[in-house]
Amino acid sequence: MRFIRELETTVKRMALALAAVMLTLVMAEVLLRVTGFGAVKPELSFGMNASQAFARGQFVQDRRLFWKFAPEVTPTDTYLGAVHPDRDIPPPAGAPRVLFLGDSCTRLTLDGVAYPARLKSLLKGRVEVLTAAVPGYTSYQGLAWLRSQLLAARPDVIVVYFGWNDHWRTLGRTDAEHAASLSPWRLRLAGLLRRPAATASLRVPPDQYGANLSAIAAEAAKAGAQVLFVRAPASISEAARAQLVRTGYMRPDDDPMALHAAHLRVLDEVARTANVPVLDAAGIFPKLPAARPLLADDGIHLTGTGHLVMSVIVAQAVLRDMLHLSDDPRSLEEVATAAALAAAP
């Protein structure tokens, strides 16, 4: 009996000690949350451009997508046919829907008109254009948005133009890890034990990039939509590379063209496996006899002329080869060349 009483006393002491430890941990966790310790701010994690967009009020935080445009409808939204996670997308009006899924290469231009807007004007009545492109987005964010809202809009064709942001560096996390850090169930105490990574990871490493593209293709197919992958054109000079290093998007020893080529190889492999057509803008652009540059000084974004060329080759691929609404016999190279020459001064 004495042994049993001693055992009961020991168990009670252990339970009280454990309860005290748990209460201390809970109080510490509450204190960290009240003081804001460990709160993840995407404008700090994803580079100078995101930080500036938050400062200007263009971006607001989103737990699922990391950030999104402010909800107000702008003139740019109107001419792009832009959709927004917080706005309902009207049901299809009868014409085939083409959804543009991408980043700043699809959304922005410093001169002229972005290619989805050109297509929206050019194809009015024949095709409905929806633009779901946000600067800084990766294939991870595109897939998340597709699942949460965009597939429900019942697009007929999804044009997927990702890659650049996927192979930039973060503050040590991949996009998937960043998403886990935003969970309301994540313990802030764990942040006290987390050591910074010795080497900042790519936001979406090649294997995850391939998985995201595969998921986009598979889920689109289930929803009855066709997919077109775009191989992004590129021509990054040493000056542009140095700027990427200065702004923290790359390490000094990174080769941006090699990073880009690795992701293009993954895109090609996914396209072969999933039987998804590819628009090879990366192969077409360097061969064009353009009197004006097709790419901006950063070697990544399209100029107004580049957007003009992109609009005609996307129109040819989508209208003729996917929706069968055109019988234009010219090759993509021929229509691209004609557009580039037409843009000559």
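**Two cavities and a helix pair**

In this predicted model, the second largest cavity is lined by V98, F100, L119, L123, V127, V129, V314, A315, V318 and L319.

User: Which helix gives the largest share of the lining of the second largest cavity?

Analyst: Two elements, β3 (97-102) and α14, each supply at least two residues of this lining. The lining includes V314, A315, V318 and L319. Those four make up the largest share, and they come from α14.

User: By class, how many residues of the lining of the second largest cavity are nonpolar, polar and charged?

Analyst: Val, Leu, Phe and Ala count as nonpolar. The lining residues include V98, F100, L119 and A315. By class, the count is 10 nonpolar, no polar and no charged residues.

User: What is the volume of the second largest cavity?

Analyst: The structure holds 2 cavities of 30 Å³ or more. The largest has a volume of about 70 Å³. For the second largest, the volume is about 40 Å³.

User: Which strand supplies the largest share of the lining of the largest cavity?

Analyst: This cavity is lined by 14 residues, with F69, V83, H84, R107 and W145 nearest its centre. β2 (66-69) and β4 (128-133) each supply at least two lining residues. The largest share is 3 residues, and it comes from β4.

User: How many charged residues are in the lining of the largest cavity?

Analyst: R107 is among the residues nearest the centre of the largest cavity. Arg counts as charged. By class, the lining has 8 nonpolar and 2 polar residues, and the number of charged ones is 4.

User: Are helices α6 and α14 parallel, perpendicular or oblique to each other, and why?

Analyst: Two packed helices are described by the angle between their axes and the distance between the axes. Helix α6 (residues 115-122) and helix α14 (residues 304-322) have axes 8 Å apart, at an angle of about 55°. Roughly parallel needs an angle under 35 degrees, and roughly perpendicular needs 65 to 115. The two helices are therefore oblique.

User: Which residues of α6 make the contact with α14?

Analyst: α6 passes α14 in a right-handed crossing. On the α14 side, the contact uses G304, H307, L308, M310, S311, V314 and A315. On the α6 side, the residues are Y115, R118 and L119.

User: By class, how many nonpolar residues does the contact of α6 with α14 have?

Analyst: L119, V314 and A315 are among the contact residues. Leu, Val and Ala count as nonpolar. The contact has 3 polar and 1 charged residues, and its nonpolar residues number 6.

Note on methods: Residues are numbered from 1 along each chain as its sequence is written. This is a predicted model: local features need pLDDT of at least 70, side-chain atom pairs count only at pLDDT 80 or more; totals for chains, interfaces and linings use all residues. Side-chain values use heavy atoms; hydrogens and water are left out. Axes are lines fitted to C-alpha atoms, for helices over the stretch in contact, and angles run from 0 to 180 degrees between N-to-C directions. Angles under 35 degrees count as roughly parallel, over 145 as roughly antiparallel, 65 to 115 as roughly perpendicular and the rest as oblique. A crossing is left-handed if the near helix is turned anticlockwise from the far one by less than a right angle, and right-handed if clockwise. Contact means heavy atoms within 4.5 Å. On a 1 Å grid over the protein atoms alone, a cavity is a set of points where a 1.4 Å probe fits but cannot get out, and a pocket is an open set with protein on both sides within 12 Å along at least five of seven lines; lining residues have an atom within 4 Å of a point. Grid points are joined across faces, edges and corners, and a volume is the space filled by probe spheres set on the points.
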